[in-house]
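Biologist: Could you take me through this model, with the cut-offs stated as each term comes up?

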Amino acid sequence: MNFDFTPEQQLLQDSLRRLLKDHYGAEARRQYARSGDGFSRDMWQRYAEMGLLALPFPQDLGGLDASPVETLVTMQAFGRSLALEPYLESVVLGGGLLRRLAPPAMQADLIPRIADGSLVLAFAHEGSEAPGSYVSAERVDSGFRLRGRVPLAVAGAAAQQLLVPARCDGRVAVLLVDRNIENLSVRAFQLHDGTSAAELRFDGVLVDHACLVSEDAADAIGRVTDEANAAICSEIVGAMEEAFELTRDYLRTRKQFGVAIGSFQTLRHRLADMVVHLEHARSMAILAIMRCGSDDRVERESAVSSAKVQIAGAARALGQSAIQLHGGIGMTEEYSLGHLFMRMESLAKRLGGADAHLARLAGIHGDADTAVM
Amino acid sequence: MNIEFTAEDESFRSEVRAFLEGSVDPRTRAKVRAGIELDKQEVVDWVRVLHARGWSVPHWPSEWGGAGWTLLQQMIYRELVYEVGVPEAPSFGMSMVGPVIYTFGSQEQKKRFLPRIANLDDWWCQGFSEPGAGSDLASLRATARRDLHGNWVLDGQKTWTTLAQHADWIFVLARTNLDASRKQEGISFLLVNMRSPGITVRPLRTIDGGHEINEVFFDGVVVPADQLVGEENKGWTYAKFLLGNERIGQARVGFTKARLRRIRTLIARLRGGPGYAEFEHRLLKLEVELRALEMTQLRMLAAAEGQVPPTFASVLKIKGSETLQAATELLYDVAGIAALAGPGQHGGAPRDADEELIAMAAASYFNNRKVSIYGGTNEIQRNIIAQAVLGS
């Protein structure tokens with residue numbers, strides 16, 4: 001058994017962290033958030049040049065055939081730096097859905113463009129409602145007519161194409177819809193952590209047959225959502241690490257009553273508790289990323305949901321403690337800690353919050369014979 | 001023992017409720033309910049309504065406008081403020097510097113400042129904390145030295161100054177004796193006009209996006225000699241009085257109670273859905289906590305003057321802040337992804353009270369991380385309790 005990175009994975013981590021450290025300071029991040037896309041196209045191209053956007057895809061589609069660990073490394077680095085780019089949405093969710101569902105010709109067309117940075121995708125679904133709950137697809141001669149309102153599609157405004165789950169003939173279909181198509185209104189807005197998102201209204205949007213990615217996508221959406229949740233777990237861990245380090249450094253340097261506040265036992269214990277939360281979170285992020293691709297449904301869903309529940313709780317406790325240990329300064333918008341905390345909370349809610357995942361675990365393990373272990 | 005409110009208390013409650021409901025501007029009330037920041041004028045207008053009724057400073061000596069209410073009545077009033085949804089009067093004038101002035105100030109200072117506080121002619125803010133003096137307030141570095149005319153010249157920086165952007169006056173703790181053997185013994189309490197030359201106010205945005213705190217810089221600010229409160233170098237005594245004086249309101253029971261009622265309505269809408277049972281249990285536990293908080297607060301308020309154990313204020317502050325934070329956390333979770341939109345990003349006005357509550361869920365959760373930090377951190381409060389019970 002071995003939990004170490006390979007030298008290549010370590011190199012990936014070092015170079016991505018360096019890239020983000022150089023280009024993702026607080027002021028730069030504010031500017032990226034204020035831009036039309038809500039993220040940096042320049043950074044997106046840099047990620048493409050590094051091969052990040054190609055990581056999970058097969059070589060014959062322009063990919064790098066990387067393992068899940070590369071995704072863990074990448075997402076942790078993004079979490080640390082509060083990156084705004086839609087890696088999760090475009091590469092993990094979008095690319096993942098196309099790989100499982102799209103006909104070969106569609107994959108050959110789109111995957112290389114995701115990998116080289118020229119195509120940004122968004123998934124027109126969020127939260128714990130079942131996919132297909134928001135949009136209906138009615139068959140018409142030319143293809144499909146879409147109706148419905150999707151309250152939250154992360155990266156929905158900046159994406160060129162949307163992958164839209166819709167109920168059709170009693171099943172969940174997925175359609176590829178151009179973001180600028182007629183009768184689709186897109187209201188761009190920001191999440192409380194600065195992430196760019198959109199509310200989508202489909203008022204009888206007409207798409208042709210070629211836009212159908214799959215007419216029976218429920219299982220595949222479930223699988224890709226598991227992979228995305230595992231990626232989210234890693235991103236949260238990255239933010240937790242940075243929040244911990246800021247707090248550790250603050251306790252060393254901040255003086256009150258003539259001494260560094262890190263000398264007060266109660267604060268030392270709280271910092272130690274943060275370490276405990278962080279280690280468990282790291283462990284569960286590894287479990288999730290290594291099992292999220294498993295074909296054994298119980299094993300896969302149990303690992304991913306356990307990780308989400310554990311990490312949501314750990315991040316909340318660590319984040320709240322970090323703010324508390326910083327005192328007033330932790331509350332200010334100027335300082336990055338509050339942003340890290342808001343990012344952790346926002347990520348924990350996405351694709352099913354802790355409550356939804358606990359409910360899923362209850363469904364899997366409600367029987368006394370099948371404990372979570 | 002008798003733990004019931006008297007008939008007088010209940011008729012007081014009805015009278016106050018009727019007055020508040022009948023007097024508040026409906027637009028102001030709607031904003032308070034939606035958690036929308038009020039304009040300065042809206043708060044001033046409301047306090048003037050209270051003042052006309054004789055209720056703007058009910059806890060003051062009657063000589064200066066007090067209404068002669070018991071502590072229990074003051075608590076009843078406070079709860080109704082949140083239940084009905086009227087603006088909270090700013091506390092810095094009415095509950096902080098006002099009591100300092102009528103307790104330690106000169107007759108001239110009382111006549112000059114107290115009526116203007118009671119009618120909110122002057123809006124006050126607090127110049128205590130500094131970047132290097134948070135929990136260790138006594139290590140503050142702002143200085144005031146005498147000039148040739150006997151006036152004070154104030155230099156330094158205060159931070160975490162709530163609503164300084166509205167303020168007309170600021171009460172400041174500054175060092176007036178750099179050679180004092182104990183740092184507490186060299187501090188004075190000064191009253192400073194915010195329009196004095198040399199004052200700069202810089203907004204500090206908080207993580208929820210709001211602007212309620214500021215930094216205030218003093219650069220050679222002249223403070224007339226008659227704006228020193230009490231004796232030179234005795235400011236720390238007055239500060240301790242001020243900080244210990246706020247017996248009602250620290251626990252924010254009424255606020256949390258009103259919030260939990262609204263959360264209950266929201267959770268009821270989820271009945272039958274996944275996660276409902278867990279949210280219902282969390283809410284029930286919080287309602288139990290609130291009950292305990294109410295009882296402890298009543299025990300404190302009903303205790304005779306001078307007979308309140310020294311631990312009570314800290315107990316209430318700790319539990320009050322933790323219960324409030326837990327309520328905001330519950331709301332954020334119950335609201336689900338609808339709580340993810342940033343401030344002002346929800347798209348269209350809320351259509352009902354539940355949507356209104358959801359729209360404020362995130363900002364309320366993140367903003368209220370402050371309540372375990374301000375007013376003396378919960379760590380300091382625990383030290384106070386431990387010291388009181390252990391004797392060292």
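What follows is a set of questions and answers on salt bridges, helices and a surface patch.

Modeller: Before we begin, this is a predicted model, in which local features need pLDDT of at least 70 and side-chain atom pairs count only at pLDDT 80 or more, while totals for chains, interfaces and linings use all residues. Residues are numbered from 1 along each chain as its sequence is written, chains are lettered from A and ligands numbered from 1 in the order in which they are written, and side-chain values use heavy atoms, with hydrogens and water left out.

Biologist: How many salt bridges are there over all chains?

Modeller: Side chains of opposite charge can pair when their charged atoms come close. A salt bridge here is a side-chain nitrogen of Lys or Arg within 4 Å of a carboxyl oxygen of Asp or Glu. Over all chains, the count by this rule is 69.

Biologist: Which residue of helix H3 of chain B is linked to Lys31(B)?

Modeller: Lys31(B) belongs to helix H2 (residues 26–33) of chain B, and its partner, 11 residues apart from it, belongs to helix H3 (residues 40–53) of that chain; helices are DSSP runs of H or I with at least four residues and strands are E runs of at least two, both numbered from the N terminus. The N to O distance in this salt bridge is 2.9 Å, and the partner of Lys31(B) is Glu42(B).

Biologist: Is Glu356(B), which forms a salt bridge with Arg33(B), buried or exposed?

Modeller: The closest N and O atoms of Glu356(B) and Arg33(B) are 3.4 Å apart, and the pair links helix H11 (residues 353–367) of chain B to helix H2 of chain B across 323 residues. Buried means under 20% relative accessible area, exposed over 50% and partly exposed in between, with a 1.4 Å probe and protein chains only. Arg33(B), at 39%, is partly exposed, whereas Glu356(B), at 11% relative accessibility, is buried.

Biologist: Which helices of chain B do the buried residues of H1(B) pack against?

Modeller: Helix H1 (residues 7–23) of chain B has buried residues that include Phe12(B), Val16(B) and Leu20(B). Seen down the axis, the buried residues of H1(B) fall within an arc of 140° and so line one face of the helix, the arc being that of the directions from the helix axis to the C-beta atoms. With contact taken as heavy atoms within 4.5 Å, these buried residues pack against H3 and helix H4 (71–85) of chain B.

Biologist: How many of the 14 residues of H4(A) are buried?

Modeller: Helix H4 (residues 68–81) of chain A should span 20 Å at 1.5 Å a residue, which agrees with the 20 Å between its end C-alpha atoms; the expected span is 1.5 Å times one less than the number of residues. H4(A) is followed by Leu82(A), whose phi is positive, near 55°. The helix is largely enclosed by the rest of the structure, because the number of its residues that are buried is 13.

Biologist: What is the area of the nonpolar surface patch made by Phe257(A), Val259(A) and Phe264(A)?

Modeller: Val259(A) lies in strand S10 (residues 259–260) of chain A and is partly exposed at 34% relative accessibility. Patches are made of residues with over 30% relative accessible area and no salt bridge, like charges being joined within 9 Å and nonpolar side chains (Val, Leu, Ile, Met, Phe, Trp, Tyr) within 5 Å. By the Shrake-Rupley method with a 1.4 Å probe, the area of this patch is about 230 Å².
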